[in-house]
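Here's a quick tour of how the side chains pack in this protein. Have the viewer open and follow along.

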Amino acid sequence: MILKYIFDRVVAFIGLLFLWPVLLIVAILVKMKMPGGPALFVQKRVGKGGKLFSCHKFRTMTVKHNGSTVSVAGDSRITPLGATLRHYKLDELPGLWDVLIGNMSFVGPRPDVPGYADKLQGDDRDVLKLRPGITGPATLKYRLEDEMISEYVAQMHKEGDTRPMQEIAVEYNDKVIYPDKVRINSYYYRHYSFLKDIQMIFCTVLGKHMEYNKEII
């Protein structure tokens, strides 16, 4: 994956060189619209080899909040500006720095919070051999994950489930979404293609779908 390694560094550098005005504007908007906290959200995530690293994003939630790491569209913790940033993936732009310094790649599995990677067993642990990515096949399939979880929660409430929103959301993520992501990322590891990487990047930027392993993502 030497070509992938070189591509990541070069494109991340070019991206930061040309997009720094956009990052600056978004940072200013976050500080203005969400005062009382930093523009960046920095959190420890699991990287290649299971090692922790600091993952950088623009902050999309209120400063003081409690709750799970699984977010839902309409979650009171997410501010109006934060919802917009998430929808258009602008909150991910600081990740270019993580790619430049080698903690992440443009394409790969999304970096998990500590705890989820510990649950991986057998061949599924192969995904830890990859650098986590800003985008990837699982990220493309679940690009509107917040909305999908929100719709599921609403359906469960409609059917009479009285559990809190977050409890239902976590259960759906842990039993349905996360295992499917592991399946897709395991396939990505075993059938790596640089051309598919390029296609995934374009699909992410343009908001398009593509065929991958006989399914539309």
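## F106 and its ring partner

Start with F106: is this residue buried or exposed? In this predicted model, F106 has a relative accessibility of 12%, and since anything under 20% is called buried, it makes the cut. F7 comes out a bit differently: its relative accessible area is 22%, so it gets the label partly exposed.

The whole structure turns up six aromatic pairs. One of them is F7 with F106, where the ring centres are 6.1 Å apart and the planes meet at 65°, so this is an edge-to-face pair. F7 belongs to helix α1 (residues 2-33), while F106 is part of strand β3 (residues 105-107), so the pair ties together parts 99 residues apart in sequence. Add F194 to F7 and F106 and you have one aromatic cluster.

## The two tyrosines

Next up are Y187 and Y212. Their ring centres are 5.4 Å apart with the planes at 90°, so they pair edge-to-face. Y187 sits in helix α6 and Y212 in strand β5 (residues 211-212), so this pair links parts that are 25 residues apart in sequence.

How do they fare for burial? Y212 is buried, at 4% relative accessibility. Y187 is partly exposed, at 25%.

## Charges over rings

Two tyrosines have a positively charged side chain over the ring. R9 lies over the face of Y5, at 3.9 Å from the ring centre. In the other case, the charged end of K119 is placed over the ring of Y116, with 4.7 Å to the centre.

## The nonpolar cores

In soluble globular proteins, nonpolar side chains tend to be buried together. Here, the largest nonpolar core takes in 19 residues, and L120, I149 and A169 have the most contacts inside it. Helices α5 (145-158) and α6 (165-190) each put in at least two residues. Which helix gives the most to this core? That's α6, with six residues.

Zoom in on A169 and skip its neighbours within four places in sequence: the contacts left are V70, V72, I149 and V153. Apart from this core there is another one, made of 18 residues, including A12, F53, I134 and I217.

Definitions and conventions: Residues are numbered from 1 along each chain as its sequence is written. This is a predicted model: local features need pLDDT of at least 70, side-chain atom pairs count only at pLDDT 80 or more; totals for chains, interfaces and linings use all residues. Side-chain values use heavy atoms; hydrogens and water are left out. A nonpolar core is a set of buried Ala, Val, Leu, Ile, Met, Phe, Trp, Tyr and Cys residues joined through side-chain atoms within 4.5 Å. Buried means under 20% relative accessible area, exposed over 50%, partly exposed in between (1.4 Å probe, protein chains only). Helices (H or I, at least four residues) and strands (E, at least two) are DSSP runs, numbered from the N terminus. Contact means heavy atoms within 4.5 Å. Rings of Phe, Tyr and Trp (its six-membered ring) pair if their centres lie within 6.5 Å; planes under 30 degrees apart count as stacked, over 60 as edge-to-face and the rest as tilted. A charge sits over a ring if NZ of Lys or CZ of Arg is within 6 Å of the ring centre and within 35 degrees of the ring normal.
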